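Grab your viewer and work through these short exercises. Each one has a task, then a step-by-step solution.

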Amino acid sequence: MLNVPSQSFPAPSSQQRVVAGGRSKVPLKQGRSLMDWIRLTKSGKDLTGLKGRLIEVTEEELKKHDKKDDCWICIRGFVYNVSPYMEYHPGGEDELMRAAGSDGTDLFDQVHRWVNYESMLKECLVGRMAVKPAAPKGMLPKSQATDTLAREGPSSPSYDWFQTDSLVTIVIYTKQKDITLDSVIVDHQDDSFRAETIIKDYSYLINIELSHAVQEDFSVRIVENVGKIEIVLQKKENTSWKCLGHPLENHNSLVPKKDAGLFYRQCQLISKEDVTHDTRLFCFMLPPSTHLQVPIGQHVYLKLTVTDTEIVKPYTPVSDSLLSEFKEPALPNNKYIYFLIKIYPAGLFTPELDHLQIGDFVFVSNPEGNFKTSQFQELEDLFLLAAGTGFTPMVKLLNYALTNIPSLRKVKLMFFNKTEDDIIWRSQLEELTFKDKRFDVEFVLSAPISEWNGKQGHVSPALLSEFLKRSSDKSKVLICICGPTPFTEQGIKFLHELNFSKDEIHSFTA
Ligand code: FAD
Ligand code: NAP
């Protein structure tokens, strides 16, 4: 619901005025950028009209505040007066008004659950709901949550723990066969231990304050055929533990993944390398006390604090190169995470990111996304359509498909850019065509110099029908598409017109 653009660039008709996921950003008035909003919140102005008091809000009271100049919205039990924010909201006033005088939690979650509204709207906080509105789904009491899930979700996982003199092993029984090392994300800091396991579209959480201290390093093992996860911690002292520890929030709960909050950890900038005139390869190091492998085709959220306000944007991790041997997810202790990020001089987040020094920190969230490598099963032809940084999800896809899919006959990338200078990893892509005969790449430029003798223009039925030639009449095909939202939407429309089915198309969005 609350997005974070700044003004003036690019031109009003540009695709950058549209957020991924298909929502249009409305043009904001002069002086209504996010930075202007941040300035207003710091000005000391009373934005709630309550002179700094926090009140308890009944449902009846909430309902009364449903007008543009008097608009209260409840998100997760907290009520905000969003009237002062209306003109600063990139999604426009109408989008905010959909939740006026009511509980906007679901609406908020549908659109931008990752945006840190607590930080953005803290000066607009009116108070808490007196009578709690329907509990957010992720907060169901255990018994109620398990009852619902018993009907809809995977069978309930469980956990146990064992110890030797020097080790503590936490075992999670997922009761699912397709568990891999990227299904589990572990973080422990000081005494708190957190393990989130993704089981189909559900999240199972172990969240404990450990009873004794452990070393930073730990290991994670998977016994795949029985879906067992073993996390082996090393005791700091060789004493016998009477209990594992005390439960923290949502411990031992199974909730739909979309209802599980995003967890962040601090990662350190290790290197930054120019890739094109405006795109850089960033390498961050995960803390030693974190196990996190972002599944292929998924993205994470990066969080930075800009003028005391937390700003969050999604980015898709890549491999360090297209030509290195494919390592994930087989390597358990992969500690580095790479991103190809384009810096927009008038953007809010990317200039801040670009100013980070080696050794500085950024918060990195747990992964999200709906691509599944099972979509590659028996695949014969893989076509990738990428525009600009929409190339990023294609990097790991390419590496994975060429290494792991024996049925694969052909992989073709059509890469749309403005000019030759904008092409990310052009020489690596060309080298890959020599290295692997199944791979081919075609560059299409929308604003080439006159000497360019390759393809020109925008995504079109003519370009696609010539490009998307199956290796045989009935070959199993997958087409992946990613780029500015209007590019992706148009591309999908053309693909349907060319008779490709829904199952044969995967689009990457937020
Ligand atoms: P913004 O502040 O969003 O602005 C971008 C430009 O548009 C600026 O110049 C700004 O002035 C202008 N603008 C935007 N909205 C308005 C408006 N309403 N009025 C006036 N001007 C406006 N990017 C990558 O580089 N690499 C990735 O791997 C990557 N992965 C992504 C994965 C997903 C799932 C999604 C959805 C996006 C991904 N992106 C990626 C894009 C990324 O999330 C950011 O959108 C991008 O980095 C721009 O952020 P910014 O805050 O710097 O710019
Ligand atoms: P860009 O350089 O502005 O554009 C790349 C190419 O796409 C250019 O040739 C451009 O043509 C063309 N294009 C733009 N809009 C188009 C449209 N409406 N129809 C047809 N072609 C169009 O791209 P960018 O700045 O790198 O932006 C990349 C986008 O990808 C961002 O919006 C980012 O959010 C998104 N992205 C999404 C994900 C994801 O969802 N997983 C991952 C990474 C990136 P023109 O010269 O005419 O502009």
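**Exercise 1: a cysteine without a bond**

Start with Cys482, which is buried because its relative accessible area is 11% (buried means under 20%, exposed over 50%, partly exposed in between, with a 1.4 Å probe and protein chains only). This is a predicted model, where local features need pLDDT of at least 70, side-chain atom pairs count only at pLDDT 80 or more, and totals for chains, interfaces and linings use all residues. Residues are numbered from 1 along each chain as its sequence is written, and side-chain values use heavy atoms, with hydrogens and water left out.

Task: work out why Cys482 has no bond to Cys480.

Solution. A disulfide needs a pair of cysteine sulfur atoms within 2.5 Å. The closest cysteine sulfur to that of Cys482 is in Cys480, 9.6 Å away, so it is too far for a bond. The count of disulfides in the structure is 0.

**Exercise 2: check a helix**

Task: test the length of helix H11, residues 485-497, and find what covers its buried residues.

Solution. First, helices are DSSP runs of H or I with at least four residues, strands are E runs of at least two, and both are numbered from the N terminus. The expected span is 1.5 Å times one less than the number of residues. For the 13 residues of H11 that gives 18 Å, and the end C-alpha atoms are 19 Å apart, which agrees.

Next, list the buried residues of H11: Thr485, Phe487, Thr488, Gly491, Phe494 and Leu495. Their cover includes strand S28 (477-482) and helix H10 (461-467).

Finally, step past the helix: Asn499 follows H11 and has a positive phi, near 70°.

Notes. Chains are lettered from A and ligands numbered from 1 in the order in which they are written. Contact means heavy atoms within 4.5 Å.
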